[in-house]
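This report describes a protein model and its bound ligand. The sequence and the structure are shown first, and the description follows by topic.

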Amino acid sequence: AQSIPSLKDTFKNDFGIGTALNNGQIEERDPAMTQLIVSQFNMATPENVMKSALIHPKWDTYDFVVPDKLVAFGKKHNIKINGHTLVWHSQLPSFIRGVHSKDSIQTFFNDHIKTVAGRYKDNIFSWDVVNEALNEDGTLRKTVFLDYLGEGYIAEAFRLTQQAAPNVELYYNDYNNEQPAKRAGCIELIKKVQASGARIDGVGIQGHWHVGKVPFKDIEESILQYAALGLKVMFTELDIEVLPRNFQGADVNQRMASNPSLNPYTAGLPDDVQKQLAADYEALFKLFLKHKDKVTRVTLWGVNDANSWLNGWPVRGRTNYPLLFDRNNQPKPAFYSVVALKK
Ligand code: G3I
């Protein structure tokens with residue numbers, strides 16, 4: 001493991017290199033995994049443990065056990081933590097389903113931001129304040145927050161977070177917001193936050209892409225347009241899926257069991273796909289380097305292929321290969337193609 005180059009060292013003069021962390025990694029249950037994380041990454045985002053369902057399970061109860069460990073992990077290993085996420089329509093606490101008044105939603109919203117952002121005000125680097133508020137056409141997604149609080153909830157979330165944690169960077173985060181229509185909506189959203197007087201420091205483009213179909217032109221356009229608003233641009237959940245997406249309908253699990261072509265690479269990734277994956281990662285990092293004055297962080301959504309959420313989405317049990325390290329923590333050709341850009 002000593003001879004593996006380090007991503008964080010390779011790009012130390014360019015941008016931060018992050019990963020998503022889950023409970024086992026935060027609790028350092030596997031020494032080889034810990035070693036890989038601390039040698040490769042200088043930034044981290046909790047994959048799930050700071051989402052409201054987990055950190056705020058009951059109306060008046062917060063659970064800070066694992067989030068506190070995450071913050072301690074970051075401090076111990078010199079890894080900056082990006083909090084994820086304060087306002088998101090998904091992974092909400094189940095009690096929210098029984099809340100049906102504007103006042104109660106407003107109380108939840110205010111208390112949640114104040115309590116969670118306030119607790120970590122001195123030991124977290126940044127927050128994904130609002131996550132995935134947009135539809136694909138750039139309009140605002142229908143969520144419990146939009147329904148009860150109106151569109152002003154977004155600027156209000158930034159204002160409240162800034163108040164609770166004045167020294168923490170504040171971001172808007174979404175997927176497909178490099179696509180023109182959604183990007184236009186995202187720019188409008190950002191301008192409204194700015195016009196409200198609240199601070200917004202950066203925008204996260206999640207970067208859940210598909211092998212051979214990475215939208216490089218849209219990505220570059222997006223870097224330029226978001227940076228023109230005065231924002232830092234980050235790639236916050238990068239992974240490149242290699243499996244087909246032709247999953248629809250309720251019987252997908254059954255169909256996958258009887259149709260191996262829906263999970264084709266159980267025995268390993270074929271050479272041609274491995275090469276295409278490496279070429280896609282290389283071209284992406286080349287683009288990030290070209291705009292390193294604007295791109296401040298690149299975060300992979302998981303450490304190795306075994307950790308990736310894409311093994312379980314849209315159905316469980318697939319064998320995906322979207323990241324830079326394989327299931328044995330070994331660098332893949334994509335890793336070396338990225339590192340070679342700095343040689
Ligand atoms: O905690 C339960 C556990 O108790 C249970 O035994 C297990 C089996 O079903 O499920 C566990 O919860 C799962 C959780 O991940 C933790 O593993 C949820 O079912 C599962 O839905 C959840 O998935 C997460 C997903 O967000 C939820 O929307 C993924 O890990 C996580 O990678 C994914 O991350 C999102 C970002 O937050 C936002 N952008 C998109 C990205 C990918 O979907």
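## Strand 8 and its partners

His210 stands opposite Glu241 in strand 8. This pair belongs to the parallel pairing of strand 7 (residues 208-210) with strand 8, which extends over 3 bridges. Strand 6 (residues 202-205) also runs parallel to strand 8, and 4 bridges join these two elements. Within that pairing, the bridge partner of Ile205 is Phe235 in strand 8.

Strand 8 spans residues 232-241 and pairs with strand 9 as well, in the parallel sense and over 4 bridges. Here Phe235 faces Val298 of strand 9, and Leu238 is opposite Leu300 of strand 9. Phe235 therefore has a partner in strand 6, namely Ile205, and a partner in strand 9, namely Val298, under the DSSP bridge assignment. Of the 10 residues of strand 8, 8 are buried, so the strand is largely enclosed by the rest of the structure.

## Confidence and overall form

The model is predicted. The average pLDDT of the protein is 96, and 97% of the residues score at least 70. For the complex, the predictor reports an ipTM of 0.95 and a pTM of 0.97. As a general caution, predicted coordinates should not be read in detail where pLDDT is low.

The protein contains 13 helices and 9 strands. Its radius of gyration is 20 Å, close to the 20 Å that the globule rule gives for 343 residues, so the protein is as compact as a globular protein of that length. Along the principal axes, the C-alpha atoms fill a box of roughly 55 × 50 × 40 Å. Buried residues make up 43% of the 343. Among contacts in the protein with a separation of 6 or more, 78% are between residues 24 or more positions apart.

## Strands 1 and 9

Strand 1 covers residues 16-21, and 6 of its 6 residues are buried. Gly16, Gly18 and Ala20 point one way from this strand, whereas Ile17, Thr19 and Leu21 point the other way; all are buried. Strand 1 pairs with strand 2 (residues 43-46) in the parallel sense over 4 bridges, and Gly18 is placed opposite Met43 in strand 2.

Strand 9 (residues 295-300) is likewise parallel to strand 1, with 4 bridges between them. Gly16 is opposite Arg297 of strand 9, and Gly18 is opposite Thr299 of strand 9. Strand 9 is mostly covered, with 5 of its 6 residues buried. Strand 9 is thus bridged both to strand 1 and to strand 8.

## Ligand surroundings

Which residues surround the ligand? They are Glu47, Asn48, Ser90, Gln91, Asn131, Tyr175, Gln206, Glu237 and Trp309. By class, this shell comprises 2 nonpolar, 5 polar and 2 charged residues.

Gln91, one of the residues around the ligand, is located in the loop between strand 3 and helix 6 (102-119). Gln91 counts as exposed because it has 12 C-beta neighbours inside 10 Å, and the cut-off for that class is 12 or fewer.

## Backbone geometry

Most residues other than glycine have a negative phi, and most peptide bonds are trans. Gln91 has a positive phi of about 50° although it is not a glycine. Glu28 also has a positive phi, near 55°, and is a residue other than glycine.

Glu28 occupies the loop between helix 2 (23-26) and helix 3 (31-40). With 16 C-beta neighbours inside 10 Å, Glu28 counts as partly exposed. A further feature is the cis peptide bond that joins His84 and Thr85, with omega about 0°. Thr85 is part of strand 3 (residues 80-87).

## The N-terminal helix

Asp9 lies in helix 1 (residues 7-10). Is Asp9 buried, exposed or partly exposed? Asp9 counts as partly exposed, because it has 14 C-beta neighbours inside 10 Å, whereas a buried residue would need 20 or more. Asp9 and Ser39 are 30 residues apart in sequence, and their C-alpha atoms are 8.7 Å apart in space.

Terms used: Residues numbered from 1 in each chain as written. Predicted model: local features only at pLDDT ≥ 70, side-chain atom pairs only at ≥ 80, totals over all residues. Near = placed C-beta within 6 Å. Nonpolar A, V, L, I, M, F, W, Y, C, P; charged D, E, K, R; others polar. pLDDT = per-residue confidence, 0-100. Rg over C-alpha atoms; globule rule 2.2 N^0.38 Å. Contact = placed C-beta atoms within 7 Å.
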